[in-house]
Amino acid sequence: MSEKQALLAALKSVAERDDDAIDLAETALILGALDRPQTALDPYRSHLADLTAAAKSGGNIDHLEGRADLLNELMFETHSYTGETEDYDDPENANLLHVIDRRAGLPVSIGILYIHAARAAGYDITGLAFPGHFLLRITEGAARIIIDPFHGGQALETSHLRDLLKQFMGADAELTPYHHAPVGNRDILLRLQNNIKSRAMNGNDTARAAEILERMVLFAPGVASVWQELGMLSAHLGKLRQAMTALETFLDFAPPKDEERAAESLLNKIKTSLH
């Protein structure tokens, strides 16, 4: 088995785990290593272990502001992580190996490291379904604090969230409970990979986008939209048997009627061409 095959097998094993049992940072390392199959992961795992040890050693804090301060000091002062602003659209900013090397990345990639440290300290932390900009929430009982990992762990009030939402969604956008909804580990990993896929699509590199979707269905086979997109892109690339499998899997999810009709139409065309 080649190194890349071993990484793909490790990624596929994630699909068998309950969401809470997924090692978020380790899976992100595997995803990053798929684009650097000759890179040894031990130094990166050692860095994760350093974050874990430091967070545990200072984690006995019983108020949210102190917990956020501890994590912010660890991430942004001790290890000098920062949001990548000069070359934000570089897809490498969603590769956790690159992010650890440069200590800079996207909100979601830095957020994964932040979550890793926070959970090591025993804190209740989750990512949020906020559009356009990945945010974190730390909770203790009824108290909660929302953190922006891209901007030095800044704590965001409702007014900040409203302004940020309008920045990404337009002046008429209104803050709703959905924007505060927690997301699971798979969702965070999908968001990480979507950054790479969308940049590939923007660059008309459909082969690269399809490659990323192939990885996404390995660890998140229960997400219908990923199968749908993989089917359409595979058909566009002439990978008809892969397209057929992806579209048939998508239809098994009983999608909305309009999406079902479109998928069935494309599937029928593929089957006809294969006969």
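This is a short viewer tour of a predicted model, going from its sheet to a helix pair and then to its aromatic rings.

**Stop 1: the sheet**

Start by colouring the strands. You should find an open sheet of five strands in the order 6-5-4-3-7, with antiparallel pairing. Select 154-156 and 182-183 next: these are strand 6 and strand 7, the edge strands, and each pairs on one side only.

Now zoom in on residues 124-128, which make up strand 3; strand 3 and strand 7 pair in the antiparallel sense over two bridges. Show Leu128 together with Pro182 in strand 7, its bridge partner.

**Stop 2: helices on the sheet**

Keep the sheet visible and add residues 158-169. This is helix 7, which packs on the sheet and touches strand 5 and strand 6. Its direction makes about 90 degrees with that of strand 6.

Then bring in residues 64-78, helix 4. Helix 4 lies across strand 4 (136-140) and strand 5 (143-148), and runs at about 135 degrees to strand 4.

**Stop 3: a helix pair**

Select residues 185-202 and 206-219. These are helix 8 and helix 9, packed at an angle of about 170 degrees with their axes 8 Å apart. Since angles over 145 degrees count this way, helix 8 and helix 9 are therefore roughly antiparallel to each other.

Turn on side chains to see who makes the contact. Helix 8 contributes residues including Leu189, Leu190, Gln193, Ile196 and Lys197, while among those from helix 9 are Ala209, Ile212, Leu213, Arg215 and Phe219. If you colour by class, this contact has 10 nonpolar, three polar and four charged residues.

**Stop 4: aromatic pairs**

How many aromatic pairs are there to look for? The count comes to two.

For one of them, select Phe76 and Tyr114. The pair is tilted, at 6.0 Å centre to centre and with 35 degrees between the planes. Phe76 sits in helix 4 and Tyr114 in helix 6 (residues 107-120), so you are looking at a link between distant parts of the chain, 38 residues apart. Are these rings buried or exposed? Phe76 counts as buried at 15% relative accessibility, and Tyr114 counts as buried at 0%.

Finish with Tyr88 and Phe150. Their ring centres are 5.7 Å apart and their planes are at 85 degrees, so this pair is edge-to-face. Tyr88 lies in the loop between strand 1 (82-83) and helix 5 (96-102), and Phe150 in the loop between strand 5 and strand 6, so the pair ties together parts 62 residues apart in sequence. With a surface display on, compare the two: Tyr88 is partly exposed, at 28% relative accessible area, whereas Phe150 is buried, at 8%.

Methods. Residues are numbered from 1 along each chain as its sequence is written. This is a predicted model: local features need pLDDT of at least 70, side-chain atom pairs count only at pLDDT 80 or more; totals for chains, interfaces and linings use all residues. Side-chain values use heavy atoms; hydrogens and water are left out. Two strands pair if DSSP finds at least two bridges between them. Helices (H or I, at least four residues) and strands (E, at least two) are DSSP runs, numbered from the N terminus. Contact means heavy atoms within 4.5 Å. Axes are lines fitted to C-alpha atoms, for helices over the stretch in contact, and angles run from 0 to 180 degrees between N-to-C directions. Angles under 35 degrees count as roughly parallel, over 145 as roughly antiparallel, 65 to 115 as roughly perpendicular and the rest as oblique. Ala, Val, Leu, Ile, Met, Phe, Trp, Tyr, Cys and Pro count as nonpolar, Asp, Glu, Lys and Arg as charged, and the others, Gly among them, as polar. Rings of Phe, Tyr and Trp (its six-membered ring) pair if their centres lie within 6.5 Å; planes under 30 degrees apart count as stacked, over 60 as edge-to-face and the rest as tilted. Buried means under 20% relative accessible area, exposed over 50%, partly exposed in between (1.4 Å probe, protein chains only).
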